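Open the model in your viewer and keep the sequence panel beside it. At each stop, select what is named and then read on.

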Amino acid sequence: MKFIFKMVFFLLGITYVGAQQSFSVTGTVRDFHDKTVLKQAKIQLGTRASVSDAKGRFTFKNIPAGTHLLTVSHPECAPFSQVLDVTKDIDLIIHLEHHTGDIEAVTLHGNHRKMGSVVIQTLSQQDISRNSTENLGNLLSSISGVTALKTGNNISKPVIHGLYGTRVSIINNGVKMAEQEWGVEHAPNVDINQFEHIDVVKGVAALKYGNESVGGVVVLEPAVIARKDTVQGSVKFSGISNGRGGEVGADAAKTWDNQWFVKAGGAYKKLGDQYVPGHTLQNTGAEVSSFNFSAGRQAFAEGFNVSYSVIQQNFGIFRGAHLGGAEDYYLATNFGQPFYLDNFSYDILNPRQDVRHHIAKIAAYKRFSEIGKLSFQYSFQLNDRKEFDVRRGELNELPSMDMRLITQSATLNHLLERANWSLESGVSGSIQDNSPDPATKARRLIPDYYRYDAGVFSVFKYRLNPKLSTEAGARYDFSRFDSYKYYDGSEWDEKYAALFAKFFISENDSRVLARPVLDYHNFSANLGLNYKPVNNLDIKFNLSRTERAPNAAELFADGLHHSAAIIEKGDLRINKEEIFSLNLSALWKADVLGGFTLEANPYLLYSDSFINQVPTGFQDSNRGGAFSVWTFQQVKARIFGIDADAQLSFSDQLKLISSFSALRGDDLSTNEPLILMMPANWRNSIEYNFKGKSGFYLRLENESVFRQKRFPVRNVNVTFIENGNVVTKEVDYSTPPPLYTVFNAALGVDLFKNINFNFRINNIFNAEYREYLNRLRFFMPEPGRNFVATIQFKF
């Protein structure tokens with residue numbers, strides 16, 4: 001009996017212990033940042049496996065007590081693993097680090113592509129590499145609605161929907177560039193080869209970057225850091241026939257699987273005098289060098305990076321645009337430029353501009369499971385600009401304008417994402433110090449000033465259903481100019497003495513020293529909708545109201561801007577600019593042949609305080625030349641237009657791409673057209689990509705630019721001595737050039753596994769033409785035929 005009882009208790013004990021040591025493990029798999037459930041996630045617990053259901057749930061039953069390894073994986077997510085100590089029933093919430101979400105949260109392109117109403121177009125890494133020797137302004141001109149405002153053939157800046165300068169912000173690796181961008185001949189100081197893709201946002205939709213971007217935003221994004229232990233890089237050589245020069249560039253990056261990285265790169269380009277059909281233009285060479293470095297750690301949950309870049313641009317200004325007197329100016333403008341042609345040289349002489357731009361940045365971010373992502377960034381920029389005139393004697397060695405602009409900025413952003421909504425908010429502040437060097441012995445075009453800016457913004461996005469999402473944003477900015485400027489006594493008495501008496505400091509002979517301190521409070525807001533009624537149609541709508549403080553040139557410019565070949569006049573009475581804009585985009589896809597897409601983007605801008613610059617006179621300068629006078633004015637204006645893009649794929653190898661843009665700008669105050677509005681243009685290209693691994697492609701391009709028939713008549717009269725008599729004649733400074741069409745061609749092939757070759761011909765038929773948006777069109781045509789060959793080795 002004792003033995004039987006012992007056996008019964010022994011068996012009962014085993015059963016009891018076993019019951020207490022068997023548990024269940026359940027859980028839910030969610031995305032880390034927006035908390036959406038992830039179905040079809042694979043879960044492994046010890047030797048047992050399961051898959052999450054439509055609600056992200058999984059269940060394991062009868063798990064023995066003890067330690068077990070839990071692993072969870074999902075497409076495009078970093079795998080999750082954890083050792084579980086199972087001593088009771090467990091219910092888990094597992095957050096996976098979604099790589100695609102990470103990229104989309106960091107870049108404007110991906111974030112708006114996901115659930116936004118912004119109108120955006122992108123140049124891919126392929127587009128950049130195929131045109132790697134171009135400057136940013138010319139490269140962006142391939143996008144509908146975007147063109148370039150030029151000063152000669154080297155200096156080019158982007159124009160979006162007829163707006164340029166401070167109205168178009170350029171974001172360089174997260175830093176809003178501050179480079180005295182008010183100047184019409186101030187080319188963006190960037191090396192396009194540093195970036196993997198370039199996003200162009202049309203209209204006022206990216207309030208996080210400031211209130212000034214009423215035209216749009218250009219976002220330059222570097223490559224995403226690889227999450228593996230490797231070394232990557234490339235070396236590139238380019239030969240350029242027009243200018244008999246070339247470019248060399250290299251970059252390298254070392255990454256580790258723990259997300260640490262370090263990378264660096266640089267480039268150098270040298271060109272001589274440029275060729276136009278039949279002639280070479282003297283003093284049109286260019287020399288550009290750049291360097292960039294960055295290092296840090298880019299993990300999903302947290303990271304930081306430090307970076308530094310510098311670019312130096314030395315551009316010659318066509319000597320024939322700076323003439324000795326009124327008669328030469330009249331003859332050149334009305335009948336063409338007969339001076340300073342041929343005699344090729346690599347020398348860059350006066351007039352010229354030499355610009356260095358430095359950017360240093362420190363950035364960090366941290367993701368929190370419940371409160372979202374916090375990002376902080378501090379940047380330091382130094383823009384050192386020297387512009388050299390043609391001056392007499394020892395003054396020729398001195399720059400006529402030597403300005404140093406230091407900008408320090410800091411931003412703190414917060415991003416909270418959920419399944420159907422997101423909220424991004426931030427605060428920012430910056431200080432600018434502009435210091436013209438008095439050693440130039442010339443009147444300062446822009447005076448000494450400090451500028452203080454502070455801003456706060458918030459953008460809320462909500463997805464009502466799979467077909468409809470909305471977006472609303474608001475921003476407030478405060479700006480203050482604190483400047484010191486000398487005015488001619490007569491000008492001060494006539495324009496400013498009664499309005500700004502409190503700014504008066506002293507008077508010396510005929511000069512008045514004043515200290516204008518100007519404050520601006522700016523409110524901006526936008527409302528957007530993204531509607532997808534059917535799978536092949538996507539409609540976006542944006543309505544915005546934006547206020548912008550005038551820039552330094554609009555307020556203070558006073559004197560000869562030699563590299564622009566004009567005399568500029570600002571006006572202290574100019575108030576802030578208020579613009580209402582409407583943007584609509586409709587994208588339609590059809591199953592025709594290999595696929596067809598059509599996107600139409602009509603837009604409208606209206607302002608009763610639009611700041612415009614127009615020619616108002618002519619003046620002989622005591623600094624060696626005759627120049628037109630351009631004055632900033634505030635008018636009532638309206639701009640409306642349309643961009644259209646179409647692509648038809650005949651097969652997997654052959655596709656046709658076409659784009660058309662047209663706009664109309666009206667000065668409603670004077671009932672005349674706005675000046676320097678983009679002419680209608682039509683671009684077409686056909687590309688064939690051969691099958692196989694050779695990467696061989698062949699592309700033919702055509703661009704037709706129509707004559708701008710709507711322009712204000714702003715001709716000026718000049719007086720000079722002709723055949724011993726004093727005569728007065730009219731300079732036609734208004735009539736736009738005729739329409740033109742240009743053909744280009746390109747091909748490329750992978751010679752070996754890591755070696756790629758690209759060849760391009762611009763202006764195949766060597767057409768002679770002039771662009772309305774080239775401020776030197778009166779003195780010189782656009783470049784002639786140009787062959788560009790590039791070979792690149794990747795490792």
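The tour goes from strands to a cavity, and then to single residues.

**Before you start**

The model is predicted, so local features are described only where pLDDT is at least 70 and side-chain atom pairs only at pLDDT 80 or more, while totals for chains, interfaces and linings use all residues. Residues are numbered from 1 along each chain as its sequence is written, and side-chain values use heavy atoms, with hydrogens and water left out.

Helices (H or I, at least four residues) and strands (E, at least two) are DSSP runs, numbered from the N terminus. Two strands pair if DSSP finds at least two bridges between them.

**Stop 1: three strands in a row**

Select residues 260-271, which are strand S18, and residues 286-298, which are strand S21. The two run antiparallel and are joined by 12 bridges. For one place to look, find alanine 267: serine 290 in S21 is opposite.

Now add residues 302-316, strand S22. S21 pairs with S22 as well, again antiparallel, over 13 bridges. Here arginine 297 has phenylalanine 304 of S22 as its bridge partner. With three residues between them, S21 and S22 make a hairpin. Strands of a sheet pair through backbone hydrogen bonds, either parallel or antiparallel.

Just before S18, select glutamine 259, in the loop between strand S17 (245-255) and S18. Its phi is positive, about 75 degrees, although glutamine 259 is not a glycine. Most residues other than glycine have a negative phi. Is glutamine 259 buried or exposed? Glutamine 259 counts as buried because its relative accessibility is 17% (buried means under 20% relative accessible area, exposed over 50%, partly exposed in between, with a 1.4 Å probe and protein chains only).

**Stop 2: an open sheet**

What is the order of strands in the open sheet of five? The order is S9-S14-S15-S12-S13, and the pairing is mixed. Strand S9 (119-123) and strand S13 (175-176) are the edges, each pairing on one side only. Select S12 (residues 168-172) with S13: they pair in the antiparallel sense over two bridges. Isoleucine 171 is opposite lysine 176 in S13.

**Stop 3: the largest cavity**

How many cavities of 30 Å³ or more does a search of the whole structure find? There are 13. A cavity is a set of points, on a 1 Å grid over the protein atoms alone, where a 1.4 Å probe fits but cannot get out; lining residues have an atom within 4 Å of a point. Grid points are joined across faces, edges and corners, and a volume is the space filled by probe spheres set on the points.

The largest cavity holds about 250 Å³. Select Tyr164, Arg167, Ile611, Asn612 and Gln613, which lie nearest its centre among the 21 lining residues. Helix H8 (552-556) and strand S36 (596-621) are the elements that give two or more residues to this lining, and S36 gives the most, with four. The lining has 11 nonpolar, six polar and four charged residues (Ala, Val, Leu, Ile, Met, Phe, Trp, Tyr, Cys and Pro count as nonpolar, Asp, Glu, Lys and Arg as charged, and the others, Gly among them, as polar).

**Stop 4: lysine 150**

Select lysine 150 in strand S10 (residues 146-151). Lysine 150 counts as buried because its relative accessible area is 11%. Its side chain makes a polar contact of 3.5 Å with the side chain of glutamate 771 (a polar contact is a pair of N or O atoms within 3.5 Å; within protein, one must be able to donate a hydrogen and the other to accept it, and residues adjacent in sequence count only if both atoms are side-chain atoms). Leaving out residues up to four places away in sequence, lysine 150 touches others including Asn138, Ile155, Leu773 and Glu782 (contact means heavy atoms within 4.5 Å).

**Stop 5: from H6 to S23**

Select helix H6 (326-335). Ala326, Tyr329, Tyr330, Ala332 and Thr333 are buried there. Glycine 336, just after H6, takes a positive phi of about 100 degrees.

Next, go to proline 351 in the loop between H6 and S23. The peptide bond joining asparagine 350 and proline 351 is cis, with omega about 0 degrees.

End at alanine 360 in strand S23 (residues 352-368). Alanine 360 is 30 residues from tyrosine 330 in sequence and 47 Å from it in space, C-alpha to C-alpha.

Definitions and conventions: 1 Å grid on protein atoms, 1.4 Å probe; cavity = no way out; pocket = protein on both sides within 12 Å on 5 of 7 lines; lining within 4 Å.
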